[in-house]
Amino acid sequence: MRLDDHSVVITAAGRDFGRALAITLADLGATVFLSARTLAAAERTRDDIRGRGAGEAYAFACDLTDPASIRDFAHQVGAQTGHIDVLVNNGARYVEGEDLLAASDDDVIDALASGATGTVLVTKNFLPLLLRSAKPDIITMISTAGLPGHARSTAHAAFYSAKNAQAGFTEILSKRLRPQGVRVISLYPPDFDNADPLTPDWHTKSRGPHNPLTSESLINCILFAIGQPRDCFIKAFHFEEPS
């Protein structure tokens, strides 16, 4: 699948899955607008993409806990392009710890603000650009922690709360935006292997039935979903957790 005619916004693209997704989509020809909490982190991914000579990339700073920063990010992207085709809500602060007392108050606030409020505000601020596209898609990386009754992760309860907030948001948004042709697609992966596309691990990871899910497989799910005809609304991808 080629993405030469796609403009894509990806939050938290300075490292890990966001970076892997940005590099892969740009390799397929997409123009990618990348954010990270610091401009330097987004610029590193942008520069690696530009060095490969495939799709174009632009870097921006965006603190998902700061509404003004989110608005500024959307404004800057709007100054570069008249529309976007895909918004990927990838950013969310992870907090570890099964003990509620293990995280500071600031950690709790940061987790909820970035994962829950940040996702809502990014989507709200980019929606006008999405509505100018003939093929608008919103992708949100949630987690099995966003599923009702899930208890297998050692993440802090604040992270669980943020992910359940994302799940509720995308559920209602899918119904309310469908009349406008916007597909809202959520991914609920368990913990997964997250190799960097520019390292040898990307090509050597085992991907058999007994291996953990990989970031490459998650990216393939995203490519499958956005590549479907516009009558095909895939609401969510759920993945079997390893036993």
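The lining of the largest cavity has, by class, 2 nonpolar, 2 polar and 4 charged residues. This cavity belongs to a predicted model. Its volume is about 40 Å³. Asp193, Ala195, Trp202, Lys205, Arg207, Thr214, Ser215 and Glu216 line the cavity. A search of the whole structure turns up 1 cavity of 30 Å³ or more.

**Pockets**

The largest pocket has a volume of about 1100 Å³. It is lined by 38 residues, and those closest to its centre are Arg15, Asp16, Asn90, Ala92 and Tyr94. Four elements each give two or more residues to this lining: helix H1 (16-27), strand E2 (31-36), helix H4 (105-130) and helix H5 (157-177). H1 supplies the largest share, 3 residues.

The second largest pocket has a volume of about 220 Å³. Its lining includes the prolines Pro190, Pro209, Pro212 and Pro242. Asp191, His210, Asn211 and Leu213 also take part, as do Phe239, Glu240, Glu241 and Ser243.

The table sets out the linings by class.

| Space | Nonpolar | Polar | Charged |
|---|---|---|---|
| Largest pocket | 16 residues | 13 residues | 9 residues |
| Second largest pocket | 6 residues | 3 residues | 3 residues |
| Largest cavity | 2 residues | 2 residues | 4 residues |

**Fold**

The protein has 7 helices and 7 strands. Along the sequence, they follow the pattern β-α-β-α-β-α-β-α-β-α-β-α-α-β. The radius of gyration is 17 Å, close to the 18 Å that the globule rule gives for 243 residues, so the protein is as compact as a globular protein of that length. Taken along the principal axes, the C-alpha atoms fill a box of roughly 45 × 40 × 40 Å. Of the 243 residues, 49% are buried.

One part of the fold can be followed strand by strand. Strand E2 pairs with strand E3 (residues 57-61) in the parallel sense, over 5 bridges. Leucine 34 has alanine 59 in E3 as its bridge partner. Helix H2 (residues 39-52) joins E2 and E3 in a right-handed β-α-β unit. E2 also has a place in the largest pocket, as one of the elements that give two or more residues to its lining.

How values were computed:
Residues are numbered from 1 along each chain as its sequence is written. This is a predicted model: local features need pLDDT of at least 70, side-chain atom pairs count only at pLDDT 80 or more; totals for chains, interfaces and linings use all residues. Side-chain values use heavy atoms; hydrogens and water are left out. On a 1 Å grid over the protein atoms alone, a cavity is a set of points where a 1.4 Å probe fits but cannot get out, and a pocket is an open set with protein on both sides within 12 Å along at least five of seven lines; lining residues have an atom within 4 Å of a point. Grid points are joined across faces, edges and corners, and a volume is the space filled by probe spheres set on the points. Ala, Val, Leu, Ile, Met, Phe, Trp, Tyr, Cys and Pro count as nonpolar, Asp, Glu, Lys and Arg as charged, and the others, Gly among them, as polar. Two strands pair if DSSP finds at least two bridges between them. A crossover is right-handed if, with the strands pointing away from the viewer, the path from the first strand over the helix to the second runs clockwise. The radius of gyration is taken over C-alpha atoms; the globule rule is 2.2 Å times the number of residues to the power 0.38. Buried means under 20% relative accessible area, exposed over 50%, partly exposed in between (1.4 Å probe, protein chains only).
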